Amino acid sequence: MYGGGYIFSEPSDKDQKDHIDDPVKLQEFEARIDAGEKIEPHDWMPFEYRKQLIRLIEQHAHSEVIGALPEGTWITRAPGFKRKLVLIAKVQDEMGHAQLLYSAAETLGKSREAMINDLLSGKSKYSNVFNYPAKTWADVTVIGFLIDAAAIVNQVANAKGSYGPYCRALERICYEESFHLKQGHDAFIALAVGTKAQKDMLQDALNRWWRPIIHFFGPSDKASVHGEKLMRWKVKMASNDDMRNQFLDMYVPKILELGITIPDPNLKKNESTGRWEFSDPDWNEFKRVINGDGPCNAERLAVRKFAEESNRWVRNALLKQTMKQTIPYA
Ligand code: FAQ
């Protein structure tokens, strides 16, 4: 039975079928959530809360690992020494975020090895945006400015959520993401006020990235599968549409003031509702991409598989060393 506190193995679908949460404990748990308390790994939690957290934190961790790849390919080609240094540091930070997030997910009972296996087999999802190519340096600046901005909108909100280990990881991640955003904005401005060729390259990149960025926040609230439950349990602190709206409020003016056009003629703020209206962002494309059929899904997973296999000897050597230190005569 899951949800009883000191249980550390991943809940399976079969467990879920047989599982009924203790109604008294459930009520106490929900009262703690309503009172704004943090839930810690050894506390009682509903089966579904644990399962949802594993799904969400794991997907987030995978997004950081795979998210390092489009930018990582530009380290050797970054324009100038300073941009190269900053990009190396950023890519390293994203891998550090993945470490923090895998550790937070492990507190819920799924091993890191199982999570990596689920990433490599295609069972676990990761963010749609990282399945698109970074064709030019301008793509890297759009990722650094707008995807980091979108991630911050989500993470600053969810850092105030209910699960202690995830919130603490997000707080630390947000400090670093804020720096990433600044470097992305700086690189974006440099291209926007640069030569005509630089400005055209930036516009071309934004034209290709705009729709994936709109998708980034997830399907509309009406189509969101998990949103309501996650908000009731304060895992998600705002709905997909609210986060998307907040992002548009903050970043559309910053793009327009640089003379860059947003590739959606229907994008406008409805002043009476305070909501942004935009063209149908083709949710079929979103579904295809998150289910493995985007422009770069196969390439991204192949790179991770290669890294996993070629670095196995390092992990094995470290494990052997750790065992020797723990059990001196092993
Ligand atoms: N991509 O019911 P909902 C970063 C899936 S970190 C792929 O609304 P939910 C840092 C969803 O999983 C970026 N799949 O889902 C960086 C579900 O499928 P499932 C990642 C998506 O969970 C920057 C189905 O659609 N951030 O960028 C996406 O309530 C630069 C139905 O959707 C996080 O992971 C998507 N965009 O809300 C790194 C933050 N959206 O699992 C490098 C934590 C939805 O049933 C460079 N995650 N799906 O098969 C969240 O806040 C939520 O999971 C949402 C989705 C808001 C993403």
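**View 1. The second largest pocket of this predicted model holds about 720 Å³ of space.** Among the 23 residues that line this pocket, Arg112, Ile116, Arg304, Glu308 and Arg315 are the closest to its centre. Here a pocket is an open set of points on a 1 Å grid over the protein atoms alone, where a 1.4 Å probe fits and protein lies on both sides within 12 Å along at least five of seven lines; lining residues have an atom within 4 Å of a point. The volume is the space filled by probe spheres set on the points, which are joined across faces, edges and corners. Helices α4, α5 (112-120), α12 (297-310) and α13 (312-326) each give at least two residues to the lining; helices are DSSP runs of H or I, at least four residues, numbered from the N terminus. By class, the lining has eleven nonpolar, four polar and eight charged residues.

**View 2. A shell of 38 residues surrounds the ligand.** Lys125, Ser224, Val225, His226 and Lys236 come nearest, where a residue belongs to the shell if one of its heavy atoms lies within 4 Å. Helix α3 (47-72) supplies at least two of the shell residues, as do α4 (81-106) and α6 (137-158), among others. The largest share, eight residues, is from α3. The shell comprises 14 nonpolar, 15 polar and nine charged residues; Asp, Glu, Lys and Arg count as charged, Ala, Val, Leu, Ile, Met, Phe, Trp, Tyr, Cys and Pro as nonpolar, and the others, Gly among them, as polar.

**View 3. Three side chains meet oxygen atoms of the ligand.** Look for arginine 55, with a polar side-chain atom 2.9 Å from a ligand oxygen. For serine 224, a side-chain N or O atom is 2.8 Å from a ligand oxygen, and a polar side-chain atom of asparagine 240 also lies 2.8 Å from one. The protein covers 91% of the 1,100 Å² of accessible area that the ligand has on its own, by the Shrake-Rupley method with a 1.4 Å probe.

**View 4. Helix α2 spans residues 23-34.** At its start, a side-chain oxygen of aspartate 22 comes within 2.9 Å of the backbone nitrogen of valine 24. After α2 comes glycine 36, with a positive phi near 80°.

Residues are numbered from 1 along each chain as its sequence is written. Local features need pLDDT of at least 70, side-chain atom pairs count only at pLDDT 80 or more, totals for chains, interfaces and linings use all residues, and side-chain values use heavy atoms, leaving out hydrogens and water.

Methods:
Polar contact = N/O pair within 3.5 Å; in protein donor to acceptor, adjacent residues only side chain to side chain. Expected span 1.5 Å × (residues − 1).
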